[in-house]
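Reader: I am a first-year student and would be grateful for a close look at one part of this structure. Could you please take me through the sheet and what surrounds it?

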Amino acid sequence: MRKGLLRWRNFALDLRTGLVSIVLLVPMKKLLLSLLLTATVGALLVVRAADSASVKPLRVLMVCGGCCHDYENQKKILSAGLSARANLEFTIVHEDAADKKDERTHQVSIYKNADWAKGYDVVLHNECFGAVTDVPFVDGIAKPHFDGLPAVMLHCSTHSYRAAATDEWRKCVGQKSMSHEKNRDLLVKNVNPTHPVMQGFPKEWLDPKDELYKNEVLYDHFVPLGEAFGEDTQKNHACIWVNTYGKGRVFGTTLGHNNATMEDPVYLDLVARGLLWACGKLDDAGKPLPGYEAKP
Ligand SMILES: [Zn+2]
């Protein structure tokens, strides 16, 4: 009986000690673990914040000018609107012909320099020079993009240089288009909703008073992202896309004839995502990579 009691008491003591140990040990381990985790996460956040703060802005060269559009105001809308959405630093080259009769044939002077794009991370083309025919000049505009420089092509940039007997600019853009339908409201459909550039773009977007450019040729690396239906052609035309030209990534949209379209947050959000994607600075959720968010 006594032996049995003793055994029971020892067992109870062991059990109590064990429990105490467990009670003591678990919180200590947890505490140490959580302290360690907090310290690690804290350190990582500090490092990441320091990294983000030291990220240099993307150097954007915006080339604008030419026929038929209000480039004087569009350059302001775009530079302010895109800088409010991503970490960008703009250099703007706005050049028009001295004489209005030459507005479609003017050759932007910087393109005459073979190194015209040197020092920039991306070029935003918002130009309208459809009647230029000088092939070496046009090929010289496409070349840095073929070699890897990212590009953003807005609206009439797709119709620029279409009179030149070379496909290099068209291949750089991603498509051949020679004409557009009459100015009217366009219902733009998101046809690639899982693409990072289309994150946040509505399923359908009404773009008032714009021009639908007719796709004539879509080159091999053209990926349609948005389309609108052509009343003249009775078929869909891609009006938002991404493309790869040589080593260069290209984002393009033929939308943006009027300033009101460019001022729309849907448009500016889209172009900002497209620009960051072209530069490899957009994550899968359509957000800028750390450091490439707009600066406060
Ligand atoms: Zn236009």
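Author: The following account takes the sheet, its helices, the core and two loop residues in turn.

This is a predicted model, in which local features need pLDDT of at least 70 and side-chain atom pairs count only at pLDDT 80 or more, while totals for chains, interfaces and linings use all residues. Residues are numbered from 1 along each chain as its sequence is written.

Helices (H or I, at least four residues) and strands (E, at least two) are DSSP runs, numbered from the N terminus. Two strands pair if DSSP finds at least two bridges between them. Strands of a sheet pair through backbone hydrogen bonds, either parallel or antiparallel. Here, nine strands form an open sheet with mixed pairing, in the order S2-S1-S3-S4-S11-S10-S9-S6-S7. Strand S2 (88-94) and strand S7 (204-210) are its edges, since each pairs on one side only. From one strand to the next, the twist averages 20 degrees; axes are lines fitted to C-alpha atoms, for helices over the stretch in contact, and angles run from 0 to 180 degrees between N-to-C directions.

Within the sheet, strand S10 (residues 235-245) pairs with strand S11 (residues 248-253) in the antiparallel sense, over six bridges. Thr244 stands opposite Arg249 in S11.

Two helices may be considered next, with residues in contact if their C-beta atoms, placed from the backbone, lie within 7 Å. Helix H2 (residues 71-83) packs on the sheet and touches strand S1 (58-66), S2 and strand S3 (122-128); the direction of H2 makes about 170 degrees with that of S2. Helix H3 (residues 135-146) lies across strand S4 (151-154), S10 and S11, at about 120 degrees to S11.

A nonpolar core is a set of buried Ala, Val, Leu, Ile, Met, Phe, Trp, Tyr and Cys residues joined through C-beta atoms within 7 Å. A residue is buried if 20 or more other C-beta atoms lie within 10 Å of its own, exposed if 12 or fewer, and partly exposed in between. The largest nonpolar core has 67 residues, and those with the most contacts inside it are Val122, Ala151, Val152, Leu275 and Ala278. Helix H6 (residues 265-278) gives the most to this core, with eight residues. Leaving aside residues up to four places away in sequence, Ala278 touches several residues, including Val122, Val152 and Arg249.

Finally, Tyr161, in the loop between S4 and helix H4 (168-173), has a positive phi near 60 degrees. Tyr161 counts as buried because it has 27 C-beta neighbours inside 10 Å. Gln234, in the loop between strand S9 (223-230) and S10, has a positive phi near 55 degrees, but counts as exposed because it has 7 C-beta neighbours inside 10 Å.
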